[in-house]
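Colleague: Please pick one part of this model and go through it closely. I would like a single connected account, with the cut-offs spelled out.

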Amino acid sequence: MAGEQARVLPFWHSMMNKGLTLVSNMFCNLNLTDMETCYKVFRTDLLKSIPSAPTVLASSRKIVMKSAKRKLRIYEVPISYHGRTYEEGKKIGWKDG
């Protein structure tokens with residue numbers, strides 16, 4: 001939209017994000033727009049019913065995949081996010097992918 005500002009991500013960061021989302025969508029038979037968003041909400045009873053509740057960032061992906069395998073309803077809700085730069089303390093790197 002006119003007048004809105006958006007930070008431009010580094011090219012390879014964006015490509016890796018799109019690639020990881022594509023691979024996740026292929027394995028889960030989903031059409032998520034951003035698997036790596038890190039904002040995920042689950043009903044407590046469903047989360048407890050899935051073995052290996054997430055304790056690290058990578059595990060949240062497993063929970064989405066296990067939810068898709070169980071054919072649980074998954075919704076995407078738009079969010080507004082302004083990520084930190086590496087200079088501002090961004091901690092995630094290539095090995096987290």
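**A close look at one helix**

Modeller: Asn-25 counts as buried because its relative accessibility is 11%; buried means under 20% relative accessible area, exposed over 50% and partly exposed in between, with a 1.4 Å probe and protein chains only. This is a predicted model, in which local features need pLDDT of at least 70 and side-chain atom pairs count only at pLDDT 80 or more, while totals for chains, interfaces and linings use all residues. Residues are numbered from 1 along each chain as its sequence is written, and side-chain values use heavy atoms, with hydrogens and water left out.

Asn-25 sits in helix H1, residues 11-28; helices are DSSP runs of H or I of at least four residues, numbered from the N terminus. Setting aside neighbours within four places in sequence, Asn-25 has contacts with Leu-30, Asn-31 and Leu-32, where contact means heavy atoms within 4.5 Å.

The helix H1 has 18 residues and spans 26 Å from its first C-alpha to its last, close to the 26 Å expected at 1.5 Å a residue. That expected span is 1.5 Å times one less than the number of residues.

Asn-25 shares its buried status in H1 with Ser-14, Asn-17, Thr-21, Ser-24 and Cys-28. Seen down the axis of H1, the buried residues fall within an arc of 100°, so they line one face of the helix; the arc is taken from the directions from the helix axis to the C-beta atoms. As background, an α-helix has 3.6 residues a turn, so residues three or four places apart point the same way.

On the face of H1 turned away from the buried side are the exposed residues Trp-12, Met-16, Leu-22, Met-26 and Phe-27. Trp-12 counts as exposed because its relative accessibility is 66%.

Trp-12 also takes part in an aromatic pair, and the structure holds one such pair. Its partner is Phe-11, and the arrangement is edge-to-face, with 4.8 Å centre to centre and 80° between the planes. Rings of Phe, Tyr and Trp (its six-membered ring) pair if their centres lie within 6.5 Å; planes under 30 degrees apart count as stacked, over 60 as edge-to-face and the rest as tilted.

Just after H1, Asn-29 takes a positive phi of about 55°.

For the setting, the chain has three helices and zero strands. Of its 97 residues, 20% count as buried.

How values were computed. Helices (H or I, at least four residues) and strands (E, at least two) are DSSP runs, numbered from the N terminus.
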